[in-house]
There are 2 protein chains.
Amino acid sequence: MAVYTHLGAEELAELIAHYNVGDLVSAKGIAEGVSNSNWLIETTGPDGAGARFILTMYERRIELDDLPYFLGLLDHLSAMGCPVPRTIHDRSGAAFRMERDKAVALIEFLPGVSPTQPTAAQIRNLGEVLARMHLASKDFALTRANTMGFIDNYAVLQACGEHGLAAIHPDLPAILAPARNAAALNLDALPIAQIHADLFPDNVLMLGREVTGLIDFYFACTGPMALDLAVTHAAWCFDANNAYRAELGSALVAGYESVRTLTPDERELLPAIAQGAALRFVASRAEDWLDTPDDALVTKKDPMQFAQRWEFYRKSGSQLFS
Amino acid sequence: MAVYTHLGAEELAELIAHYNVGDLVSAKGIAEGVSNSNWLIETTGPDGAGARFILTMYERRIELDDLPYFLGLLDHLSAMGCPVPRTIHDRSGAAFRMERDKAVALIEFLPGVSPTQPTAAQIRNLGEVLARMHLASKDFALTRANTMGFIDNYAVLQACGEHGLAAIHPDLPAILAPARNAAALNLDALPIAQIHADLFPDNVLMLGREVTGLIDFYFACTGPMALDLAVTHAAWCFDANNAYRAELGSALVAGYESVRTLTPDERELLPAIAQGAALRFVASRAEDWLDTPDDALVTKKDPMQFAQRWEFYRKSGSQLFS
């Protein structure tokens, strides 16, 4: 959660005036995004009927060169009828502007809340929407390299060191020991599309059983569709005690396949991809955990959660996607 | 800025169902309030036309016994036509509910943004609204002791110590040296009302030159009206370089007096009250400054800002309110 930059009311009003969205009515810094500042903006709307937007200021980690891909993908998917927020372009047609040497973008506000106790019906719809997004993305003109390469995960964990991992949790080194021997996974033969690559519950808005918004596309890339499904599986299909919820896993795959059938290759590799995805979140969280001071006012994400999911996929993954 | 507690979508929906406001449509944690968690909530509204609210969870510092005063005062002032958010009562009529052993209240959402470069016209309106609020509060049934006593300010600064103050800024001990000899200020003879007592720009919403909302009444108390005017003066009438802006100070007092004339006693004591108010913010900020780790992800408020304002009131205050 974060608002890293204070933008005054006058500065915000001036910024908003570059867009055909009416006058500024309200602006609240919101506690979303780890590398951006975000405001929920209300304006009088282009027609005076009122409108709401998310204003995002890109603070770090985002490469400016990637913004046309991220923001263009939102526009493309939205135009194709996917529930993603479109980018509001300014009066000159630009998708983002520079403010205080940082890029800012105005993005459509979508209704919905992020479920924390999802039902099978919700997860089924999520699978459908994910597959629709993959199909809709195929004629998008831009590409972005897959930043979720699995090769580096073990190197990141090695850099944390045995001592570092044990400091996070005494059991962590033993749980991860088999990762050392995991074969490098070659996904080159799998069908690709534009993928979200980070579809955690925080990044999904729902009303009732319907997905109303996929948001936060800042890990999106051109990559294997099966990887997106595996990340979503790892992120959603476990309960608060980290036990696998089989009915959710089945609903996700069934929903996905009701729109797009997995290839035999994808189906065969999914258990290994799910392990790779889980290990990736162990690695990034372990790195963050050791980098974050204990007294910092941020909630550290526990690497153990995905270490246990990784272990689950390693032991039981072969039965999950058959 | 803060959202200290994570409330899941299902938990929020259940909470909202206790109010006659329709169904939950959206919930965003917002970066406001230092001792509360706040969400900007959207619902379908009691009539299906949509409605917005602020949901506040009281995390600390707030005494539960004070909530009927704070929330009742909002209702009273709102009913009297003052631009303050009313409390939404639940279906049983309660102004607040308990959730996870913490009190939560649903509060009207008001439009407007907080100016950072206020104009004289805006400040004049702020003075008018402040005086209207004081008059409207007079028949409010509850009272709350004034927590802005000036007697303790110097004790707080002494507890920071010469070394602590110098660590904040080398000039701070010298600037504050005359505070030692400041006579205790007796405000008992001044006319009282319910006062906001913390009317900083963050706590004022405006559209154009009109105040649309006074918010965050959690320092409100029964106290001298002149104290509220002095706090507002100290908080608003200096520029980004901390230079006094005479036209704003005049506009504030003129706006106030267009609604309620200051008594001769108030006028005479205002320079001393302004010093007391400024010193109070020096003391609380110095205390916070020394208590906050350097690497904590919070913006520490610089005690020097109000030390300089205190010095300004000490040297020039007698000409300001004459």
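The radius of gyration used here is taken over C-alpha atoms, and the globule rule is 2.2 Å times the number of residues to the power 0.38. The structure is a predicted model, in which local features need pLDDT (the predictor's confidence in each residue, from 0 to 100) of at least 70, side-chain atom pairs count only at pLDDT 80 or more, and totals for chains, interfaces and linings use all residues. Residues are numbered from 1 along each chain as its sequence is written, while chains are lettered from A and ligands numbered from 1 in the order in which they are written.

**Exercise 1.** Determine whether the radius of gyration of chain A agrees with that of a compact globule.

*Solution.*
- Step 1. For 322 residues, the rule gives a radius of gyration near 20 Å for a compact globule.
- Step 2. Chain A has 20 Å, so the value agrees with the rule.
- Step 3. Along the principal axes, the C-alpha atoms of chain A fill a box of roughly 60 × 45 × 35 Å.
- Step 4. Buried residues (20 or more other C-beta atoms, placed from the backbone, within 10 Å of their own) make up 45% of chain A.

**Exercise 2.** Describe how chain A is divided into domains and what composes the side of domain 1 that touches domain 2.

*Solution.*
- Step 1. Domain 1 of chain A covers 9–108 and domain 2 covers 120–320; such bounds come from an automatic or database domain assignment.
- Step 2. The centres of the two domains of chain A, taken over C-alpha atoms, are separated by 28 Å.
- Step 3. Domain 1 of chain A gives 16 residues to the contact and domain 2 of chain A gives 18 residues, where contact requires C-beta atoms, placed from the backbone, within 7 Å.
- Step 4. On the side of domain 1 of chain A, 12 residues are nonpolar, three are polar and one is charged. Ala, Val, Leu, Ile, Met, Phe, Trp, Tyr, Cys and Pro count as nonpolar, Asp, Glu, Lys and Arg as charged, and the others, Gly among them, as polar.

**Exercise 3.** Identify the bridge partners of B:Leu55, B:Ile88 and B:Met98 in strand 6 of chain B.

*Solution.*
- Step 1. Strands are DSSP runs (E, at least two residues), numbered from the N terminus, and two strands pair if DSSP finds at least two bridges between them.
- Step 2. Strand 3 (residues 51–58) of chain B pairs antiparallel with strand 6 (residues 102–108) of chain B over five bridges; B:Leu106 is the partner of B:Leu55.
- Step 3. Strand 4 (residues 87–88) of chain B runs antiparallel to strand 6 of chain B, with two bridges, and B:Ile88 is partnered by B:Leu106.
- Step 4. Strand 5 (residues 97–99) of chain B forms three antiparallel bridges with strand 6 of chain B; B:Met98 has B:Ala103 as its partner.

How values were computed: Two residues are in contact if their C-beta atoms, placed from the backbone, lie within 7 Å. A residue is buried if 20 or more other C-beta atoms lie within 10 Å of its own, exposed if 12 or fewer, and partly exposed in between; C-beta atoms are placed from the backbone. Helices (H or I, at least four residues) and strands (E, at least two) are DSSP runs, numbered from the N terminus.
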